[in-house]
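Reader: Please pick one part of this structure and take a close look at it. Set it in the context of the whole chain first.

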Amino acid sequence: MTLDRDIVTLARRIQCESGDTIPFQQAWLTAARELGGLPVHTMTAEERIPLRIQYTAESDAAARSAVSGDTHGLGLDHCSDNQRAFRALLALALFNENVYSGPTARWGYAVVASYDPVMSPRRDHLVMVAERAPENVATRLLATKGADSRGIPGLRHEVSYTCHGQRSLCLRHLPTGALLTITGDPAGCQRGNRRSRVPLHSYLTVDYDLTGHERRALASVPPISRDATTLLAGLVSRYNLVDRRGRWATSLSWDPLQRPAVDRRIRHGAVRRLWGAEDSWTFRWTGYPEPYDLALALTHREAGIRGAGFTRHGDAFRVALGAATLELCDGKG
């Protein structure tokens with residue numbers, strides 16, 4: 001395998017540059033760690049924290065809040081079933097817009113890509129770091145009073161607070177009980193002061209039950225199987241990842257690796273459509289990222305979903321996990 005050869009080549013170089021003072025086995029371990037050849041689950045939490053940061057661009061404090069001794073891998077998918085279900089629903093809001101006329105496209109959240117948020121997924125909590133304008137991001141997401149309200153059905157303002165001089169909004173999804181924080185604080189700190197249950201805008205708070213409109217909106221979402229839920233939730237956790245070796249990136253608004261070949265394929269205006277049912281889902285879009293990049297991110301040895309793999313079918317890539325599949329296709333469809 002190419003990876004095995006690369007590890008051996010780098011190990012020999014390390015050994016040679018040390019004047020043969022480093023044993024080959026030690027050099028091999030160093031090379032394997034550098035090239036992503038070591039299983040992540042064999043690493044200590046202290047080793048996984050900086051590795052996670054290389055992919056997510058989180059602050060050290062945020063990554064430390066997400067990775068502990070019992071965390072699976074880099075912690076991108078290690079969460080409760082309720083948190084995973086919420087992330088899958090959030091994916092239907094993040095990855096649908098423009099020509100798609102399905103119910104979740106009207107939730108109006110795809111525009112969040114323009115804020116380039118950093119996702120900090122944790123065990124029972126999703127933190128979204130939007131340093132430029134956390135309140136603006138929340139406005140796209142939260143329902144307000146009135147018949148023309150948009151937003152994620154059932155998401156409510158729970159409390160706002162200030163930490164490290166930055167505003168944070170803690171949101172609760174009523175159907176799942178899942179927690180989402182949108183913050184301007186890179187550390188994603190939860191110990192803020194000046195806490196208030198009264199939002200700045202007319203968002204619905206946790207004191208308001210589901211509205212009839214929200215119940216109908218949730219009922220219009222097709223059933224999602226367990227494995228498909230993991231795949232869709234994985235899209236959210238990998239919303240803005242960059243491969244530490246510079247081979248792929250998943251940003252929806254630009255190419256962090258600034259590859260000319262990627263920029264040439266971008267058309268005017270992004271179109272995104274993520275839809276399906278049960279075990280079968282398709283994500284078709286124009287704009288960033290490339291389908292191959294997203295397939296690599298979802299199945300990557302270090303940063304991917306454990307057990308997921310992909311195959312290529314022409315210009316499309318099929319990511320599979322158990323019985324579930326997610327087709328990644330370029331174009332409007």
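Author: The chain has ten helices and eleven strands. Both are DSSP runs numbered from the N terminus: helices are H or I with at least four residues, strands are E with at least two. This is a predicted model, in which local features need pLDDT of at least 70 and side-chain atom pairs pLDDT 80 or more, while totals for chains, interfaces and linings use all residues. Residues are numbered from 1 along each chain as its sequence is written, and side-chain values use heavy atoms, leaving out hydrogens and water.

Of the 333 residues, 54% are buried (under 20% relative accessible area; exposed is over 50%, partly exposed in between; 1.4 Å probe, protein chains only). Take the contacts (heavy atoms within 4.5 Å) with a separation of 6 or more: 62% of them link residues 24 or more positions apart.

Now the part to look at closely: the five-stranded sheet. The sheet is open, and its order is β7-β8-β11-β10-β9. Its pairing is mixed; two strands pair if DSSP finds at least two bridges between them. β7 (272–277) and β9 (309–313) are the edge strands, each pairing on one side only. From one strand to the next, the twist averages 15 degrees. Axes here are lines fitted to C-alpha atoms, for helices over the stretch in contact, and angles run from 0 to 180 degrees between N-to-C directions.

Look inside the sheet. Strand β8 (residues 280–285) runs parallel to strand β11 (residues 324–330), and six bridges join them. Opposite R284 stands C329 in β11.

Two helices pack here. Helix α10 (residues 291–299) touches β8, β9, β10 and β11. Its direction makes about 155 degrees with that of β11. Helix α8 (residues 226–237) lies across β7, β8, β10 (316–321) and β11. α8 runs at about 40 degrees to β11.

How enclosed is α10 by the rest of the structure? Largely, because eight of its nine residues are buried. They are P291, D293, L294, A295, L296, A297, L298 and T299. These buried residues pack against α8 as well as β8, β9, β10 and β11.

α8 has another role in the geometry. Among the contributors to the lining of the largest pocket, α8 gives the most, with three residues. The volume of this pocket is about 700 Å³. In all, 28 residues line it, and H72, G73, G304, I305 and R306 are the closest to its centre.

Away from the sheet, two other sites merit a glance. Strand β3 (residues 155–163) is mostly covered, with nine of nine residues buried. Eight bridges join β3 to strand β4 (residues 166–173), and the two run antiparallel. H157 faces L171 in β4 across this pairing. Two residues separate β3 from β4 in their hairpin. H164, in the turn, has a positive phi of about 55 degrees.

The second site is R52, in helix α3 (residues 45–56). R52 is buried, at a relative accessible area of 0%. Beyond its neighbours within four places in sequence, R52 is in contact with E58, A63, A66, V67, L74, G75, L76, S120 and P121.

Terms used:
On a 1 Å grid over the protein atoms alone, a cavity is a set of points where a 1.4 Å probe fits but cannot get out, and a pocket is an open set with protein on both sides within 12 Å along at least five of seven lines; lining residues have an atom within 4 Å of a point. Grid points are joined across faces, edges and corners, and a volume is the space filled by probe spheres set on the points.
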